[in-house]
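Biologist: Hi! Could you teach me how to read a few odd spots in a protein backbone?

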Amino acid sequence: MNNKRFSDNLKEDTWPLLEGNYRQWPRIKIKLAELCVLLTCVIIVTGFIGFLAYIDIHASLSRREVVLHTPYRYVQRSLWLARDPRGKVALPHPPPTHVIIFQTGTKTCNNTTECCQILHDLQAVHMDQYNFTDIAFNFMVGGDGKVYEGRGWSVQGEFAEHFDDKSLGIALIGTFDETAPPDIQLNEAKELIIKSFKSGKLSSHYTLLGNRQVSETDKSSQELYDIIRSWAHWKHCYMTSC
């Protein structure tokens, strides 16, 4: 009798609670759905922001790579401890109409210290042994991807008898008879040429030549010559026909 009464009492006490929770279930489902939608939106927005950040970083690195691999970095004479020239002859009819690519015939260099030492020694050879007034070339390009000032844009060089008065002589530091220069050195030489004609210091209709085309005896730098024949403005000619 007591057990039945207890059971009846239990049903009477718990049913309103269960019934109330059951009636609230649709409202709970709505709240859960809203929470799921909110979490989904957070995930989508976070992913989108991450994607934009990835694109921005990737683009930044790409721009940085272009700057690092194709710079125009100029080293003045004073930084490689160049001696003062014994004299200067100005180009008679600037801007020059020809660019002639040479090798220095020395060892290569991969950093500024090595390149400066090589050029300092090369200038001594040109001035003391060959009796030149200065280092022969207008510019030199190192394996470190830098342009080194020689005689500059406005002074006549001493590298090819019939072309000195109308040409820029650009020498790549090293010996390239059987080995090609590194890309960073080749690209820097191209950047120098582009800089020269864009600034009006070289004719925009210039002719590009290799050392073998302006000398009857110098047949060095075969690998370098084979490369520059694919460059813009290169002309198939020899000596006076150029």
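Modeller: Sure, let's start with Asn131, which sits in the loop between α2 (112–129) and β3 (139–141). Those helices (DSSP H or I, at least four residues) and strands (E, at least two) are numbered from the N terminus. This is a predicted model: local features need pLDDT of at least 70, side-chain atom pairs count only at pLDDT 80 or more, and totals for chains, interfaces and linings use all residues. Residues are numbered from 1 along each chain as its sequence is written, and side-chain values use heavy atoms, leaving out hydrogens and water.

Biologist: What is the phi of Asn131?

Modeller: Most residues other than glycine have a negative phi. Asn131 isn't a glycine, yet its phi is positive, about 60°.

Biologist: And is Asn131 buried or exposed?

Modeller: Buried means under 20% relative accessible area, exposed over 50%, partly exposed in between (1.4 Å probe, protein chains only). Asn131 has 58% relative accessibility, so it counts as exposed.

Biologist: Where is His233 found?

Modeller: Look in the segment after α4 (222–228). His233, also not a glycine, has a positive phi of about 75°. At 35% relative accessibility, His233 is partly exposed.

Biologist: Which residues does a cis peptide bond join?

Modeller: Most peptide bonds are trans. Here, though, Pro94 and Pro95 are linked by a cis one, with omega about 0°. You'll find Pro95 in the loop between β1 (74–75) and β2 (98–103).

Biologist: How many residues apart in sequence are Glu178 and Leu224?

Modeller: They're 46 residues apart in sequence, and 8.6 Å apart in space, C-alpha to C-alpha. Glu178 belongs to the loop between β5 (167–172) and α3 (183–198), and with a relative accessible area of 72%, Glu178 is exposed.
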